[in-house]
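Colleague: Could you take me through one part of this chain in detail, and then show me how that part sits within the whole? I'd be glad of a careful walk-through.

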Amino acid sequence: MLIVGDNLKQLINQYNIVESENAFDNFSITLQLSDKIMLLSPSNPDIADIPTLYYGEEIPREYLQEKKINSTGITLPPKSCILACSHENIVMPAGYFGLLQTKGSLARLFVSLTCTDGQVEPGYKGKITFEVCNHSLFNINIKPKQKVGQLFIFKTSTKDVKLYNGKYQDAQGPTFQKPE
């Protein structure tokens with residue numbers, strides 16, 4: 001069951017799911033873009049020398065770049081992607097599950113916040129990583145604290161499940177895949 005309206009507002013307050021009272025929307029929790037991003041790029045952009053990354057294995061540090069977005073924002077070139085995160089910290093209580101969607105106005109520019117990893121499991125605490133992809137043929141600029149996402153909260157069929165306490169717990173910035 002999707003939690004909406006006054007029930008959602010009460011749930012946010014009861015469990016402190018999000019710190020900002022402005023995050024409440026009638027059907028979801030509105031998430032803003034943080035000023036932290038991560039880029040994944042080869043040290044040598046020559047197409048013939050692009051290295052192979054292996055799923056489940058450590059990403060070499062020389063391919064990872066942490067950056068901070070200033071007040072003018074970040075411009076995403078066409079067909080590019082970055083990892084960013086929510087400005088808000090989220091606390092997902094037992095018995096509830098979150099699904100992340102891109103705000104419609106951003107999606108209509110052909111920018112998505114998730115490549116399908118948009119779930120927030122019961123017990124998760126921290127910032128939510130966004131896999132921001134510009135699918136358009138235009139440069140798209142996004143500024144910190146702009147409303148970019150919607151977190152929908154669903155009631156689970158039972159509270160009797162192991163709460164999330166995995167490798168991304170307590171994230172305070174965008175996180176790349178971590179080896180198993």
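Modeller: Happy to! Let's begin with strand 9, which is mostly covered: nine of its 10 residues are buried in this predicted model. The strand spans residues 125–134, and Lys 125 lies within it.

Lys 125 deserves a look of its own. With a relative accessibility of 43%, it counts as partly exposed, because buried is reserved for values under 20% and exposed for values over 50%. Setting aside neighbours within four places in sequence, Lys 125 makes contact with Ile 90, Val 91, Gln 169, Asp 170 and Ala 171. One of these, Val 91, is also tied to the lysine by strand pairing: Lys 125 in strand 9 is the bridge partner of Val 91. You can also follow the backbone from Lys 125 to Gln 172: these two are 47 residues apart along the chain, and their C-alpha atoms are separated by 9.6 Å.

Now for the partners of strand 9. Strand 5 runs antiparallel to strand 9, and eight bridges join the two. Strand 7, made up of residues 111–112, also pairs with strand 9 in the antiparallel sense, over two bridges. Within that pairing, Ser 112 stands opposite Cys 133 of strand 9. As a general point to keep in mind while you turn the model, side chains in a regular strand alternate between the two faces of the sheet.

Next, follow strand 5 back along the sequence. Strand 5 covers 81–91, strand 4 covers 74–76, and the loop between them holds Pro 77. This proline has a relative accessibility of 39%, so it counts as partly exposed. Leaving out residues up to four places away in sequence, Pro 77 touches Asn 134, Phe 138 and Asn 139. Its C-alpha atom is separated by 6.7 Å from that of Ile 140, a residue 63 places away along the chain.

There is also an open sheet to find, in which four strands are arranged in the order 1-11-6-8 with antiparallel pairing. Its edges are strand 1 (29–32) and strand 8 (119–120), each of which pairs on one side only. Strand 1 is joined by four bridges to strand 11, residues 147–155, and the two run antiparallel. If you would like a landmark there, Thr 30 stands opposite Gln 150 in strand 11.

Stepping back to the whole chain, there are two helices and 11 strands. In sequence order they follow the pattern α-β-β-β-β-β-β-α-β-β-β-β-β. The radius of gyration is 17 Å, close to the 16 Å that the globule rule gives for 180 residues, so the chain is as compact as a globular protein of that length. Its C-alpha trace spans about 55 × 35 × 25 Å along the principal axes.

A few totals round off the picture. Of the 180 residues, 42% count as buried. Among contacts between residues at least 6 apart in sequence, 78% join residues at least 24 apart. The accessible surface comes to about 10500 Å², and 52% of it belongs to carbon and sulfur atoms. As for charge, the chain carries 18 positive and 18 negative side chains, with the centres of the two sets 7 Å apart.

Conventions: Residues are numbered from 1 along each chain as its sequence is written. This is a predicted model: local features need pLDDT of at least 70, side-chain atom pairs count only at pLDDT 80 or more; totals for chains, interfaces and linings use all residues. Side-chain values use heavy atoms; hydrogens and water are left out. Two strands pair if DSSP finds at least two bridges between them. The radius of gyration is taken over C-alpha atoms; the globule rule is 2.2 Å times the number of residues to the power 0.38. Buried means under 20% relative accessible area, exposed over 50%, partly exposed in between (1.4 Å probe, protein chains only). Contact means heavy atoms within 4.5 Å. Accessible areas come from the Shrake-Rupley method with a 1.4 Å probe; for residues, only the protein chains shown count as cover. Lys and Arg count as positive and Asp and Glu as negative; His and the chain ends are not counted. The place of a charge is taken as NZ of Lys, CZ of Arg, CG of Asp or CD of Glu.
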